[in-house]
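Please follow the chains one at a time, with the backbone in view before the side chains. The text below moves from sheets to interfaces and then to local backbone geometry.

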There are 4 protein chains.
Amino acid sequence: MVDLRSDNVAGAAPQIVEAVVRASTGTARSYGADEWTARLQTAFSELFEHDCVVQPTLTGTATNALALSLLVPAWGAVCCSGVAHIHDSECGAGEMFTGGAKLIPLGHEEGRLRPAVLERYLAKAAGAGTAVAPPKVLSLTEATECGTLYNVDEVAELAAVARGFGLRVHMDGARFANAVAALGCTPAELTWRSGVDVLSFGATKNGALAAEAVVAFDPALAEALRYRARKAGQVLSKMRFVSAQLDAYVADGLWLNLAGHANKMAARLAGGMRSIDGIALLYPVDINEIFCRVDEVLSSRLDAANVGFFDRGEGEIRMVTAFSNTADEMDEIINILHSA
Amino acid sequence: MVDLRSDNVAGAAPQIVEAVVRASTGTARSYGADEWTARLQTAFSELFEHDCVVQPTLTGTATNALALSLLVPAWGAVCCSGVAHIHDSECGAGEMFTGGAKLIPLGHEEGRLRPAVLERYLAKAAGAGTAVAPPKVLSLTEATECGTLYNVDEVAELAAVARGFGLRVHMDGARFANAVAALGCTPAELTWRSGVDVLSFGATKNGALAAEAVVAFDPALAEALRYRARKAGQVLSKMRFVSAQLDAYVADGLWLNLAGHANKMAARLAGGMRSIDGIALLYPVDINEIFCRVDEVLSSRLDAANVGFFDRGEGEIRMVTAFSNTADEMDEIINILHSA
Amino acid sequence: MVDLRSDNVAGAAPQIVEAVVRASTGTARSYGADEWTARLQTAFSELFEHDCVVQPTLTGTATNALALSLLVPAWGAVCCSGVAHIHDSECGAGEMFTGGAKLIPLGHEEGRLRPAVLERYLAKAAGAGTAVAPPKVLSLTEATECGTLYNVDEVAELAAVARGFGLRVHMDGARFANAVAALGCTPAELTWRSGVDVLSFGATKNGALAAEAVVAFDPALAEALRYRARKAGQVLSKMRFVSAQLDAYVADGLWLNLAGHANKMAARLAGGMRSIDGIALLYPVDINEIFCRVDEVLSSRLDAANVGFFDRGEGEIRMVTAFSNTADEMDEIINILHSA
Amino acid sequence: MVDLRSDNVAGAAPQIVEAVVRASTGTARSYGADEWTARLQTAFSELFEHDCVVQPTLTGTATNALALSLLVPAWGAVCCSGVAHIHDSECGAGEMFTGGAKLIPLGHEEGRLRPAVLERYLAKAAGAGTAVAPPKVLSLTEATECGTLYNVDEVAELAAVARGFGLRVHMDGARFANAVAALGCTPAELTWRSGVDVLSFGATKNGALAAEAVVAFDPALAEALRYRARKAGQVLSKMRFVSAQLDAYVADGLWLNLAGHANKMAARLAGGMRSIDGIALLYPVDINEIFCRVDEVLSSRLDAANVGFFDRGEGEIRMVTAFSNTADEMDEIINILHSA
């Protein structure tokens, strides 16, 4: 079976598992006062070419909700796309962590917000008085929930519109590694240099066991971040076990190697699919996700061959490749589809 | 150095690390639909001799706050001891997760609430009208924050008082294993058979990397528990990595062996301390925690020998033994103290 | 000047002002233990032909948010129309009072939700797992935000769909009096007999100074309602001053007389407008609200004549009549428009 | 019957009722855009000799909870006395409005916090790390819940301690008028000149029907205050009805006349009580509240004569005088007690 239901069905990269095993002996100070966590601050500040406040976290949902809670007051609102994970797929965590802020879903193209749409909403809300929760944050997902990318200029343009109305900018980077690997930009270019204040930095989907981080580029957010993480139950007493994962993840470019490989697998698979009748790709395959429409013959074929995919209903499916997939697996799927 | 600052400075038990390593290859369904998590439901139901709803969680703070949020409405109150971890040491997580419930600290003896004190408060609150948030939950910590134990009858008596006033009962079992090992009772006797509705089941302090669980004995709480855990960002996408820890932890009595050993280490150390001038034990050493008053000569000695302890100020210290400590280490500390 | 910007720009009905003046001397028990408030329970139970729990409240926003908080858990969601006041115009009060529940705006026709749309969403959400906050409440606005009405059967049909999926039903009755007066039904028919669990009963827009009520038809909600109202700062120490308004409001059919008059004024004005070129009514004028498109000549005319209306942008305006408007005023506006 | 159960059992001052009646005709812009509310900004800025942000509110509980929510982040804590109304008697409104901040009750003398006690707690909390919600606000009640007063210097000293640790300062002035009248100071001296950031300004207990205000001395709080009030359901659509009360209340010194009279009544009654065996005053009678211990003979006497008082249990009672009480009533009570 090749299992492409999501990149979180994969296990963990050996380098990261080994880091956890290495960290499992000896004693260490608890609640983040350990060496691994200390190292993270330096490693991330180097990676992002900027003084960062890094808070290791345990799930993507908590990471996003914490990040939003740093930027939006309880009486404010967060603008995002209509397919944003924070709005659609996190069970209202954002509303909970922020104390009741509103999430405002806006129209999008292939997962990407467009500056004109954002600007129109912000202009309207600015005239609405206290009846309408005032937008205080723009949240972008990079890569988007449709597996597409904003390029650096697009991020910067959206952030500039947002900042013009006094908003701060959050980036949901659950697949940040895939985005950076695909764009070939620096982490700095895609974030603070483009106007991003706080990044949800994902690692779990890209080879970690369970490790994410809130990365704040504004040191004034440090105190709130430390306390909010603790209050939200995101601070491990044995914090080293998540910090060690992140340490290994960003060391020697592992994160980009893993993500680059996953991206390549998706490109290979999508390339093969393009020539097959009965398959229509729905969006550009910018990273490691393929959204397509497949006819019933083909989807039964995949089922019969035990190829795992996510069924979105109405003939649409999603396939996500991971660090652990191989070129042979991709070719095997293409063969299965061809033989249909 | 022997490091007894807390049991969470220890690493992880090899059996649990191995379970994680084993789980790290292959694919598995995400967000708790995996086999490891499925197995947990059976394993815990057998362990507790009762149909349980088990939700793996990541930190003790989140576990307690989630557990409370199942039992207390946002307009209610939780009665606990004045030294309860939920009140004193979790940065207000309970207030956040419950949507603003109040925590009511009550007087205690060596960490233990007493039925008469509880009853007096509940009777008073019952007459206070809507000005006072109505008590809806009793939260007991077993073992207590002073390292002491309620015996089974004491838990049952407190729970009965609470239930008489319409409250439900939560048990903070961050060191539940140490309690069960010390009391020699069954997990069932200490919980639902004594009137406990929801248990915070801790594993991290006793050899896991990061694994806890909310265990609800009332199946009607299942839906709220599943959704609240997700909304609170406590549901790993690769859930198997926490479930595998819990699986290994409760398999073949590992959890009680680890805790029993830690308890024995504390008993050995405390036994040695009793004969030393300049040390006064503050509470019975029922589990793996020693609270004592030491004079300055002795504490400097410990410092000089690199023995880690937690300084509570005003001459009081706490030492906590873990699964990983050895009898030799305990004897070494006793020798250091004697030579002072 | 005739001021039709909203019905809340009007003053208060003399009968209600007099009731407040009468209540202003002598002493009375505080926080709702007074005679006026006691009388309300009986008066509303008679009015609704059902044992009611009535909680006087101070603003429409608080009334709706309290009502929702009785019905939806913090981890659930509320389905409503895309123009629902609770979603669009209450600054996220619902999110705050519920502790972070999500509001799900659905498509509508002239302000009215349609059963098929509701059913489709509920069916989809039922299969979404814990990633999506589960719908637990349907909120209907009667009369709708477009000034249209559900008839009794339509309310019952929507409520039946909702109940089929396990939801409970809230009705935002900010203009409930206008709806009952227009439909000629009984309050019971439009609410609990049609499946409504909790009603936001408005009086301020219809002649009160500041008086609303949460009316719960399920006595099991009483305790939560009493405490939530207190905790939300909606319980006046001198409660009689709001209860006296509600007493007078429902006595001798005053509420329906006031609303019926306002409805008649809107019908008269809309009738006159229909024959005027340059005006297009956007929705049926079921109650006291007129939504229309007017050309610039006409709207300048209204401005010049100091006729107050609410400018919705893009050529659309809203006019709302109140208990205090007169037929002469309506005719005057028609004349102004005709002379344009 | 003379009813001294509380000052909120009284009706309303004629001047304030008349202001409401006068405001009840004609139309006015809604949600606070009316003339009455506009006038308040000027009136309060003059009264306090400082640019104020004034938000009219409806209940004391909402006023305090809103005020706290301006000053404390959701992850912070509020220090107050152990008998503070915000902690003891507001059903956890503060926890709700702040999104889960903790209230920390400290020891007090006759209701008054003492600088040394505050300083000790703040020093300890400063060293506690993220386990303990960090104190961010000091809340003082003036006059205190024991009917005693801080003088201006005492307020300033406490505020200075708080500010030294980075806290901001809230004053619960439910009986602010009684305090100012008794101290003979200016409102400015007792508030911002002494270091108070936000005042809960009460009027209901002193002759209004239902009118309070949040008064913020820091203009940077204006935006949050406006939105939070709306979101909390504290903004009347017909706002003029509360603003008109406050306008009348502060015009021509009415507020101080009413409060001064109530204070005088309490002083007269307490003076008479001092010579009666079987009565022991518990605290100085600084304002309009008398706390005393009475023997059973006397309390039965009061009951028999239909004199209303609040029974605090264990032989303690509270009597509160209001603007509407007369010297004859006080003398009558003294006679009743003497004849016992």
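**Sheets, interfaces and backbone**

In chain A, seven strands make up an open sheet with mixed pairing, in the order β2-β8-β7-β6-β5-β3-β4. Its edge strands, each paired on one side only, are β2 (53–57) and β4 (102–106) of chain A. On average, neighbouring strands of this sheet are turned by 20° against each other, direction ignored. The coordinates come from a predicted model, and the descriptions that follow should be read in that light.

Within the chain A sheet, strand β5 (residues 135–141) and strand β6 (residues 168–173) run parallel and are joined by five bridges. One residue pair to look for here is A:L140, which stands opposite A:M171 in β6(A). As for the wider setting, an unreviewed UniProt entry annotates residues 3–295 of chain A as "domain: Aromatic amino acid beta-eliminating lyase/threonine aldolase". Over residues 3–295, chain A is 42% helix and 16% strand. The C-alpha atoms at the two ends of that range are 20 Å apart.

Chain C also has an open sheet of seven strands, with mixed pairing and the order β2-β8-β7-β6-β5-β3-β4. Here β2 (53–57) and β4 (102–106) of chain C are the edge strands, each pairing on one side only. The average turn between neighbouring strands of this sheet is 20°, direction ignored. Strand β7 (residues 198–202) and strand β8 (residues 212–216) of chain C pair in the antiparallel sense over five bridges. In this pairing, C:F201 has C:A213 of β8(C) opposite.

Two helices of chain C can be placed against these strands. Helix α2 (residues 35–47) of chain C lies across β2, β7 and β8 of chain C, and runs at about 130° to β2(C). Helix α10 (residues 222–231) of chain C lies across β2 and β8 of chain C, at about 10° to β2(C).

In chain B, the strands β4(B) and β5(B) pair in the parallel sense over five bridges. B:T141 has B:D172 in β5(B) as its bridge partner. How many of the six residues of strand β5 (residues 168–173) of chain B are buried? Five of the six are, so this strand is largely enclosed by the rest of the structure.

The next step is to see how the chains meet. The contact between chain A and chain B takes 46 residues from chain A and 46 residues from chain B. About 3700 Å² is buried between chain A and chain B, and carbon and sulfur atoms give 59% of that area. On the chain A side, A:M96, A:K231 and A:K238 supply 19% of the area buried against chain B, more than any other three residues. The rule finds zero salt bridges across the interface of chain A and chain B.

Between chain B and chain C, 17 residues of chain B are in contact with 17 residues of chain C. These two chains bury about 1700 Å² between them, 59% of it on carbon and sulfur atoms. In chain B, the residues that lose the most area to chain C are B:W75, B:T130 and B:Y227, together 44% of what that side buries. The count between chain B and chain C is two salt bridges. One of them is formed by the side chains of B:K136 and C:E223, at 2.8 Å from N to O.

Some local backbone features remain. Most residues other than glycine have a negative phi, and most peptide bonds are trans. In chain B, a cis peptide bond joins B:E142 and B:A143, with omega about -5°. B:A143 is found in the loop between β4 (135–141) and α7 (152–164) of chain B. In chain C, the peptide bond from C:E142 to C:A143 is cis, with omega near -5°. C:A143 is placed in the loop between β5 (135–141) and α7 (152–164) of chain C.

Two residues that are not glycine have a positive phi: B:D252 at about 55° and D:E110 at about 50°. B:D252 is in the loop between α11 (240–250) and α12 (254–274) of chain B. Is B:D252 buried or exposed? B:D252 is exposed, because its relative accessible area is 78% and the cut-off for exposed is over 50%. D:E110 lies in the loop between β3 (102–106) and α6 (115–126) of chain D. At 29% relative accessibility, D:E110 counts as partly exposed.

Notes
Residues numbered from 1 in each chain as written. Chains lettered and ligands numbered in written order. Predicted model: local features only at pLDDT ≥ 70, side-chain atom pairs only at ≥ 80, totals over all residues. Heavy atoms only, no water. UniProt positions renumbered as here; feature names shortened; annotations may be inferred. Helix = DSSP H or I, 4+ residues; strand = E, 2+ residues; numbered from the N terminus. Buried < 20%, exposed > 50% of the residue type's maximum accessible area, 1.4 Å probe, protein only. Pairing = 2+ DSSP bridges. Axes fitted to C-alpha atoms, helices over the stretch in contact; angles between N-to-C directions. Contact = heavy atoms within 4.5 Å. Buried area = accessible area lost by both parts, 1.4 Å probe. Salt bridge = Lys/Arg side-chain N within 4 Å of Asp/Glu carboxyl O.
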